[in-house]
Amino acid sequence: MTDRIKSLLERTFDKEQRQYRRDVDWKPLLDSFIADNVDDETRARRGLEEMLRAEKPAFLKGERLAFLRTVRQIPDLHSEAEMDARRASGTAFGEKGVIFNITADFAPTIRDGLDARLDEMTARLAEARREGDVEGVCFLENAILSVQAVKDLAERYRQAAFARASEGDEQASDFRLIAETLAQVPARGARTLHEALQALRILHYAMWCEGEYHCGLGRIDQYLLPYYEADLAAGRLTDETALEELEEFFIACNRDSDLYIGVQQGDNGQSVMLGGVTRAGQPAFNALSRLCLKACGELKLVDPKINLRVDKSTPDEIYELGTELTKEGLGFPQYANDDVVIPALQRWGYALEDARDYSVAACWEFLIPGCGLDIPNIDAVSFVGCLDVALRSVAETATSFAEVEEAFRAEIRRRAEALVAKYAHVEVLPGPFVSVISEGCIAKARDFCKGGRYNNFGFHGTGIAVAVDSLASVRELVFARKLVSMPELVKLLDTDFAGRPDVLAAAKAAPKMGNADEQADDLAKSLIDYWGHVLDGRRNDRGGVFRTGTGSAMYYIWHAREVPASPNGRLKGEPLSANYAPSLDTPVKGPISVVRSFTEPNLVPVANGGPLTIEIHDSAFLFPDGVKKVAQLVKFFVQRGGHQMQINTINRETLLDAQRHPERHRHLIVRVWGWSGYFIELDKEYQDQIIRRVELKS
């Protein structure tokens with residue numbers, strides 16, 4: 001790491017960028033939208049225009065890639081009353097209603113420049129006018145103005161940098177480079193890696209300013225590779241100077257991230273995908289993939305979040321390169337198994353070439369960059385909640401465990417069908433600028449909000465392990481050992497097993513998922529198979545399918561609040577396990593047994609996303625072979641048909657000390673559910689859950 005990068009890194013940690021921020025009152029703008037009954041497309045364009053007009057060029061000492069947020073708030077384009085009225089009329093929205101959890105098609109615009117997109121839109125606008133296509137004219141006019149707003153801010157940055165260079169500033173050479181770069185991009189196509197990174201920074205920045213959020217960066221090692229290779233061939237860069245370019249870009253991803261939308265700080269969706277295969281099916285891991293891993297290892301930042309695609313043929317070296325990041329305690333890379341994910345996407349109707357090109361939306365939900373307007377985390381089903389309802393429905397009548405299972409499945413189906421009905425009509429608010437950098441929108445003269453090539457919805461399945469362990473407990477305690485009756489068990493759940501410590505102890509000792517226990521694992525296989533097929537054949541009103549997954553997102557906290565104690569011994573208020581992982585406080589034999597249990601089911605039908613999440617003690621890396629052993633654990637998971645995996649490497653005492661003395665641990669990173677964040681910035685509820693899951697109990 002060069003001295004310049006070290007300085008930029010430290011100043012970013014010190015939040016130096018915040019000195020340039022200011023508040024803007026956007027209420028008058030919203031009031032004017034309401035008073036004039038302005039249409040959605042025009043609101044989106046005007047919001048972006050006003051946001052970018054309010055931005056002021058700002059530079060940090062030593063930086064050579066520009067663009068820094070100086071306005072804290074993004075304009076609200078609709079009032080709560082307006083949105084509530086739409087919902088009351090039968091319209092559903094995903095979260096805030098805007099385009100989110102996507103990766104745009106950055107590559108063509110980095111290559112061609114925004115001027116090329118303007119030429120395309122101008123020609124298409126003339127056609128739309130001749131055809132009398134009112135909707136198309138509205139979209140294209142607003143999209144053109146949105147692009148011009150982005151170009152205008154880039155020009156203001158160029159002028160500011162040129163002025164600083166002309167004044168003989170001590171950073172004159174840096175400002176001259178910025179000015180020269182902005183004279184080329186984003187208006188014209190990038191010619192070098194530096195120009196490509198600057199163009200990417202601007203395009204990504206503009207999406208956030210338009211109101212999109214959880215904006216992924218996609219397969220950067222693929223679409224930036226031509227610039228890297230050309231620079232090396234021409235002698236413009238070496239691997240060392242290319243690393244410096246990448247590291248500055250990665251640092252820039254962390255400057256504005258606290259302003260981005262998320263449930264917790266760090267939950268911002270700035271994910272990249274490395275490796276895997278090309279659209280033609282050839283190995284895609286390359287020298288730039290390697291350089292990205294190296295940059296992350298040196299910087300030790302939470303952004304961008306690294307995802308690494310692997311399969312059964314992946315060389316051990318790549319697993320070990322990924323594990324080097326795990327060793328640093330970053331909580332990533334998150335691994336995705338092509339052998340499972342690509343067939344899963346094909347099963348849901350994705351073309352093979354597109355399936356091979358998959359990335360992640362924000363955390364771990366799979367999507368195709370540029371053409372996928374999937375909403376892969378539109379809602380969730382609580383398996384623990386389903387089981388609680390099922391137990392109560394058959395408490396007085398069940399004479400066999402099969403009746404409990406049948407009631408449980410019926411409640412899963414009922415809730416899944418209720419979500420299908422809830423999202424019978426889903427609307428997405430427009431994003432004229434993101435549409436310009438998304439496939440097919442200009443040709444169709446339609447905003448991306450109207451739909452992409454893929455428009456599938458995804459449902460999380462929360463608390464899989466807790467549900468499985470609870471089923472195993474019911475089977476053993478009620479029907480095998482007859483330690484307690486069904487009505488008695490239900491009453492005990494409402495009182496945290498009060499007065500029956502023997503039942504609580506037996507519940508905790510019953511078979512558990514994560515111990516390679518055939519009794520529990522068979523229940524898991526049955527549950528996951530049912531969940532994976534429960535909505536087969538159903539389609540949403542956008543023509544897409546419903547994808548089910550093993551993820552939880554934040555629901556592992558939220559759904560836990562809605563249910564009493566669980567038959568596995570979990571007490572009321574205790575959180576569920578995050579994603580696809582053993583129940584909290586479950587004694588397990590070790591990581592190998594966890595992998596065995598969690599790869600017993602066929603995971604292809606539930607590959608909407610939701611990684612096996614494992615915490616290992618940082619002492620695993622004290623020995624010279626630590627990296628190799630952990631890398632082999634990941635490889636073992638992939639070979640057995642696992643879909644996704646993420647590993648936290650920390651220890652309980654460090655986390656407890658961080659709670660007591662946060663000032664000592666400002667760099668401490670943890671994996672939360674599908675993203676990494678700084679431990680001291682999390683709410684205590686999330687900190688406590690991580691502390692409880694941090695070490696595999698034995």
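Helix 7 makes a good starting point: with 33 residues at 1.5 Å a residue, this helix should span 48 Å, and its end C-alpha atoms are indeed 48 Å apart, so expectation and model agree. The model described here is a predicted one. Just beyond helix 7 comes G168, whose phi is positive, near 75°.

Helix 7 also leads into the interior. The largest nonpolar core has 199 residues, and those with the most contacts inside it are I110, I220, L224 and F408. Helix 7, covering residues 134–166, gives the most to this core, contributing 13 residues. A second core, separate from the largest one, has 28 residues, among them V384, M554, I650 and L668. Such groupings fit a general pattern. In soluble globular proteins, nonpolar side chains tend to be buried together. For a closer look at the largest core, L224 is a helpful residue to select: leaving aside neighbours within four places in sequence, L224 is in contact with L193, A196, L197, L200 and L288.

Attention can now turn to a pair of helices. The axes of helix 17 (residues 383–394) and helix 21 (residues 464–480) come within 8 Å of each other and cross at roughly 30°. An angle under 35 degrees counts as roughly parallel, and helix 17 is therefore roughly parallel to helix 21. On the helix 17 side, the residues that meet the partner are F383, V384, L387 and L391. On the helix 21 side they are I464, V466, A467, S470, L471 and V474. Sorted by character, the residues of this contact comprise nine nonpolar, one polar and no charged. V384, part of this contact, is also one of the residues of the second core.

Helix 21 holds a further residue worth following, A465. With a relative accessible area of 1%, A465 is buried, because residues under 20% are counted that way. Apart from neighbours within four places in sequence, A465 is in contact with M513, S577, A581, P582, S583 and F598. A465 and Y580 are 115 residues apart in sequence, yet their C-alpha atoms are 7.2 Å apart in space.

The contact between A465 and S583 points to the loop between helix 25 (555–558) and helix 26 (591–598), where S583 is placed. S583 has 5% relative accessibility and so counts as buried. Not counting residues up to four places away in sequence, S583 touches A465, V466, D469, N568 and S577. For V466, the C-alpha atom is separated from that of S583 by 5.4 Å, although the two residues are 117 residues apart along the chain.

Helix 14 (residues 316–327) offers another check on helix length. Its twelve residues, at 1.5 Å each, should span 16 Å, and the end C-alpha atoms are 16 Å apart, which agrees. Within helix 14, the buried residues are I318, Y319, E320, G322, T323, L325 and T326. The elements covering these buried residues include helix 13, strand 4, strand 5 (334–337), helix 27 (626–639) and strand 12 (644–650). Just after helix 14, G329 takes a positive phi of about 80°.

Several points of backbone detail are found in loops. A cis peptide bond joins V185 and P186, with omega about 10°, and P186 lies in the loop between helix 8 (172–184) and helix 9 (193–210). The peptide bond from D303 to P304 is also cis, with omega near -5°; P304 is found in the loop between helix 13 (287–299) and strand 4 (305–310). Positive phi values occur in residues other than glycine as well. N37, in the loop between helix 2 (27–36) and helix 3 (40–54), has a positive phi of about 50°. A445 has a phi near 60° and is placed in the loop between helix 20 (441–444) and strand 9 (457–462). As for their surroundings, N37 is exposed, with a relative accessible area of 66%, whereas A445 counts as buried at 0% relative accessibility.

Lastly, helix 8 contains D174, a residue that is buried, with a relative accessible area of 10%. Leaving aside neighbours within four places in sequence, D174 is in contact with G62, E63 and R64.

Conventions:
Residues are numbered from 1 along each chain as its sequence is written. This is a predicted model: local features need pLDDT of at least 70, side-chain atom pairs count only at pLDDT 80 or more; totals for chains, interfaces and linings use all residues. Side-chain values use heavy atoms; hydrogens and water are left out. A nonpolar core is a set of buried Ala, Val, Leu, Ile, Met, Phe, Trp, Tyr and Cys residues joined through side-chain atoms within 4.5 Å. Buried means under 20% relative accessible area, exposed over 50%, partly exposed in between (1.4 Å probe, protein chains only). Helices (H or I, at least four residues) and strands (E, at least two) are DSSP runs, numbered from the N terminus. Contact means heavy atoms within 4.5 Å. Axes are lines fitted to C-alpha atoms, for helices over the stretch in contact, and angles run from 0 to 180 degrees between N-to-C directions. Angles under 35 degrees count as roughly parallel, over 145 as roughly antiparallel, 65 to 115 as roughly perpendicular and the rest as oblique. Ala, Val, Leu, Ile, Met, Phe, Trp, Tyr, Cys and Pro count as nonpolar, Asp, Glu, Lys and Arg as charged, and the others, Gly among them, as polar. The expected span of a helix is 1.5 Å times one less than its number of residues.
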